[in-house]
Amino acid sequence: MNKNKVFKGLMGATLLASGLGGAPVLAADITITMAAPDWPPTRFMKEAFDAGYTSPAGHNTTLDMDFIPWPSFYERVAASLTSGEQKYQMIVTDSQWLGAFVEGGYYMDLTDKINADPELTAIMQDLHPALVSAYSTYPHRTRAQLEEAGVVPAPGVAYYGFPQFPDTYVTFYRQDAFCHAGEMAAFEAKYGTNLPCTYEDWQDTDWKKFAQIGEFFQRAKGEMLGDEVLDDDFYGIAYQAGKGYDFSSMQVNAFVWQQGGDIWDESKAPNAQAEGVVNSDAAVGAFEEYLSMIQYMPPVARTGQMDIFVEQDLYMQGKVGAIIDWVGLGEPVLDPSASKVHDKSAFGPAPGSRQEDGSIDRTGNIGGQPFVLTTWNSDEVVDEALNVVKWWLSPDVQINAVKNGGQSGLKSVMADPTYNDLRPWNRAHVEMIDWQKDVWHIPEFFEMLTQQQEEFDKAITGQISAKEALDAVAEFQQELLEDGGYIE
Amino acid sequence: MADTASQRGGFAAWLLDPKRRGALLVTPAITILFFMNIFPLLWSFGLSFFNYKASSLKVPTFRGLSNYERVLTDEKVWDRFQTTALIVGSSVVLQLIVGFLLALMFAKAFPMRRLVLMLVLTPMMLSFVSVGVFFKLFYEPTFGIVSYVLNFFTTEKFVLLGSPEGAILGIVIADAWMWSPFVMLLVLAGLVSVPKYLYEAAEIDRASKWRTFWTITFPYIKSLLLLAVLFRTIETFKLFDIVYIITDGGPGGMTETIAVYLYRTAFQFFKTSQSSALAYIVLFIVIVLTNLYLYAVNRRAEEID
C-alpha cells in the first residue's frame, strides 16, 4: 500500500473523528469589570477572587473591580451607564436603582438564565425572601407577594440581581458603660427598668428605652462614665440623621413601618396613593418620635449632617454610648488602629416599637447591595459572569466572606451553627434580616428621595414640624407619581 | 520655497501657500476647540428644546420652548436664584472689605511682609474641594475648632450649620476666606500706582486721612474695585463645590445655589433637557455680567492711557 495514501487516510480519519467527537472549547481571556463601592465587603471579594477563583469553563478570567467612594457612587455609575461607554460587565448596585437602570436598558433580565440553570435556581431558592424581594425583582414584588406565589422563581416576576452584600442596621453599644454595675443601678433607679447589657436585654429594648438611654448618658466633660472621667462631652445615642443620599429616610422609614404607617407602595400601583398614606397620622406620629430623640444625639445631628459615617466616627472616637448603624461599618469599630472603643463594643438588635401585645416590631429598611449584569455582554461573558455569581454565593466562599466582615443572604449559610459566632454582630444581623422592607425602585426614586430628604432635613433642623414635612412629601410624591402614570 | 510648492501643483500647493500658513497652524487648535467646546454647547442647546432624559430609552420629542417655560415658572428655581443672590452679595461684600483692608496693610512695608503676603495668598491656590472639607471640619460642632474655641465662652457646642442663617454665613466665610486675597491683589495694584508726591502734598496741606483717601487713593482704585466686584460676582454666581461639600444645600434646601440645583437636575434626576434649558438661562446671566466686566476693563484701560 502506498505510504502516502495511508498517511492521508489516517489524517482524514483523525480530522473526521475530532469533528464528530466535538473539539475541546478554546479557553478565552475574559475580563469582568465590576463597578463597586469602596469598602471592606467589596475589597474582600476582589482578594478572594484573585486568590481562589477558577473558571469552571476553563477561561482565564480576571475580575477588574472599579472601587468608587460611596458618596459619589451613584453619580459615577449613572454617568458611566448613560454615557454609553459600556465599561462595566457587572455592577454592585443599590436596590433602589433597579427601576432607573432596568428602564434605561442597562441591567440584564436574568429570569430565563435562572430558570434554565438548576444551580442558579437553587441559589435563588436558598436566598432569604426579603433579599430576593428587595435586591432582585423589578417591577418590585414584596416578600408577601413572592411567598404567595409559592415557587421560586415565581411566575410572571422578573429577576435582575443576586446579593453581593446583604446589610441591616443593628445597635453598636459601649459594653463597658452599659454593663457597669453603678450605671445599671442608677439607670434602674431613675427609670424603673433595666439598662440593656446583654444581647437578650437589647431584644427587649424599644424606642422608649432607647430615648431613656439617650437622656441618661448625656454627660459633660469631667463627669464620670463607668469608671472613667470623661475628657469631652459624651452623648447617649445616635442614628442616621443625614440629608445626603438616603441616610435619614433609612431610619425614618423604620419608625413609620413599625407604627402602622407606610410609604407609597409601588407594588400596588396604580391604586396606591401617596396623599393620605405618606402623611397619615401614624406616619406623623412615628416621625415625631424619630425627631424627639435628636436632642440626645451629638450636636452635628441638628445640622442634618449626621450620616452613617459621621455617627460611626463619633462612636469610634468614644463620644457616643449607643448607635444604630449598618453592620457593613462594623469592622473599623473593632480595629485598634482606628477605634478607641475597639475593646469596649458589643452589638445587639436595633430597637423597635412595642406593640399592644408586648412584642417589639423591628421592621427596618434593608441596606446592602445586589450585583447585576449589564446588557451589552457577549454570551460567553454572561455565562462567565454567572459563574462568578455562583462562586461568590457558594457556601465556602460565603463563610469566608463573613469571617472577613461580609454577610451572607443564603438561608443555609445563615443557619450554620457557627455563623453567629463568626462576627460579633452576626446574631443581630440574622435576627434583623427577617424584618426588612425596602424603599421604592421606580426610575423616579432619586427625585422622590431627594425631595423627601430635603423635607426631613428641614424637620431635623427644626425649621418645620413633622406634619409639615410629611404633608410636603406626600403632595410632591402624589403629583410626581400621577404625572408618571404610577397613580391613577 | 514658494516656487517648489507651486511646482507640486494642485490642492497641496494651494494648502501650503505661505498666505495660508497661519490658518493651517491654527486649524488643529480650532478643531479641538470645536469638538470639546462648541459642539457640546450647540448639542446641549439643541437638547433644551426636546424632552430628552439621559437615563431613558424613549426617543426624545420636540417640545419647543416648554422646558424654558417650565424652568422660568418653577418656584424652586427662583428660590435657588434668591439663595444664590444672597450668598453672592454677602460673599462679595465681605471679600471687598477684607481684601481692601489687607491691601491697605500690604501697601506699606513691614518686617516679614513677603512671608506674610505669601501666607495670605495661599487660600486662593487651594482647590475648592479641600477648602470645603477644611471648613466642614472647622464647623463640626462636636470636635471642630470653631465650636471648641467658642465653647470656652458659651460652655456649649456651637452649631453653626444647624440654621439657614448660620449655614449661609458658614459658606460666605469659606468663600470669602478663599478669594479675599484675589481682591487684595487687585486693590494693591491700584494702591501702589498712586504717586507718592500726592500724599506728600496732602500732608503739607494738612488734609484729613478720610479726605486723602477719598480724593487721592480712591480714584486710583475704584475701577479695580469694580473689576474685583464683577469678577467675583461672576465666579461666586457659579458656586458649587463649597456649598455641596459643606452643607449639601441644607438645612433643607436653604443653601442650595442654582449651580447645585442644576447639578441635581442633570445628574441625579436625569432631566437632561430641562437642565440644559436652565444651564442656558444661567449662561445668559453670566454673559450679561461678563459684558459689564469687559466694559469696566476697557474703561480702566482708557484711564491708564
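How many residues of chain A are in contact with chain B, and how many of chain B with chain A?

## Where the chains meet

In this predicted model, the contact takes 29 residues from chain A and 21 residues from chain B. On the side of chain A that touches chain B, the elements giving two or more residues are helix H3 (73-83), helix H4 (98-103) and helix H22 (445-460) of chain A. H22(A) gives the most, with 6 residues.

By class, that side of chain A is a mixed bag: 9 nonpolar, 10 polar and 10 charged residues.

## How far to trust chain A

Confidence first. Chain A has a mean pLDDT of 93, and 95% of its residues come in at 70 or more. The stretch to watch is 14-24 of chain A, where pLDDT stays under 50. For those residues the model has 1 contact beyond four places in sequence.

## Two domains in chain A

The domain assignment splits chain A into domain 1 (29-167 + 367-437) and domain 2 (169-365). Taken over C-alpha atoms, the centres of domain 1 of chain A and domain 2 of chain A are 29 Å apart. Their contact uses 24 residues of domain 1 of chain A and 21 residues of domain 2 of chain A.

Which elements give two or more residues to the domain 1 side of that contact in chain A? They are helix H2 (40-52), strand S4 (161-167), helix H21 (426-433) and strand S17 (436-437) of chain A. H21(A) supplies the largest share of that side, 5 residues. Sorted by class, the side of domain 1 of chain A that touches domain 2 of chain A has 10 nonpolar, 8 polar and 6 charged residues.

## H13 against H22

H22(A), which gives the most to the side of chain A that touches chain B, also packs against another helix. Its axis and that of helix H13 (residues 247-258) of chain A come within 9 Å and cross at roughly 80 degrees. An angle from 65 to 115 degrees counts as roughly perpendicular, so H13(A) is roughly perpendicular to H22(A).

From H13(A), the contact is made by Ser248(A), Ser249(A) and Val252(A). H22(A) brings Leu449(A), Gln452(A), Gln453(A), Phe456(A), Asp457(A) and Ile460(A). Sort the residues of this helix pair by class and you get 4 nonpolar, 4 polar and 1 charged.

## Met250 of chain A

Met250(A) is also found in helix H13 of chain A. Is Met250(A) buried or exposed? It counts as buried, because it has 21 C-beta neighbours inside 10 Å and the cut-off for buried is 20 or more.

Leaving out residues up to four places away in sequence, Met250(A) touches Gln240(A) and Asn365(A). As for Thr205(A), it sits 45 residues from Met250(A) along the chain, and the C-alpha atoms of the two are separated by 20 Å.

## Cis prolines in chain A

Worth a look if you check omegas: a cis peptide bond joins Tyr138(A) and Pro139(A), with omega about -5 degrees. Pro139(A) belongs to the loop between helix H7 (129-136) and helix H8 (143-149) of chain A.

Another cis peptide bond joins Ala269(A) and Pro270(A), with omega about 5 degrees. Pro270(A) lies in the loop between H13 and helix H14 (281-292) of chain A.

## Chain B: domains and odd phi values

Chain B is divided into domain 1 (2-47) and domain 2 (66-304). The C-alpha centres of domain 1 of chain B and domain 2 of chain B are 41 Å apart.

On to the backbone. Met112(B) is not a glycine, yet it has a positive phi of about 60 degrees. You'll find Met112(B) in the loop between helix H5 (75-106) and helix H6 (113-125) of chain B. Asp248(B) is another residue other than glycine with a positive phi, near 55 degrees. Its place is in the loop between helix H12 (241-246) and helix H13 (258-267) of chain B.

Which of the opposite words, buried or exposed, fits Met112(B), and which fits Asp248(B)? Met112(B) is exposed, with 9 other C-beta atoms within 10 Å, whereas Asp248(B) is buried, with 24 other C-beta atoms within 10 Å.

How values were computed
Residues are numbered from 1 along each chain as its sequence is written. Chains are lettered from A and ligands numbered from 1 in the order in which they are written. This is a predicted model: local features need pLDDT of at least 70, side-chain atom pairs count only at pLDDT 80 or more; totals for chains, interfaces and linings use all residues. Domain bounds come from an automatic or database domain assignment. Two residues are in contact if their C-beta atoms, placed from the backbone, lie within 7 Å. Helices (H or I, at least four residues) and strands (E, at least two) are DSSP runs, numbered from the N terminus. Ala, Val, Leu, Ile, Met, Phe, Trp, Tyr, Cys and Pro count as nonpolar, Asp, Glu, Lys and Arg as charged, and the others, Gly among them, as polar. pLDDT is the predictor's confidence in each residue, from 0 to 100. Axes are lines fitted to C-alpha atoms, for helices over the stretch in contact, and angles run from 0 to 180 degrees between N-to-C directions. Angles under 35 degrees count as roughly parallel, over 145 as roughly antiparallel, 65 to 115 as roughly perpendicular and the rest as oblique. A residue is buried if 20 or more other C-beta atoms lie within 10 Å of its own, exposed if 12 or fewer, and partly exposed in between; C-beta atoms are placed from the backbone.
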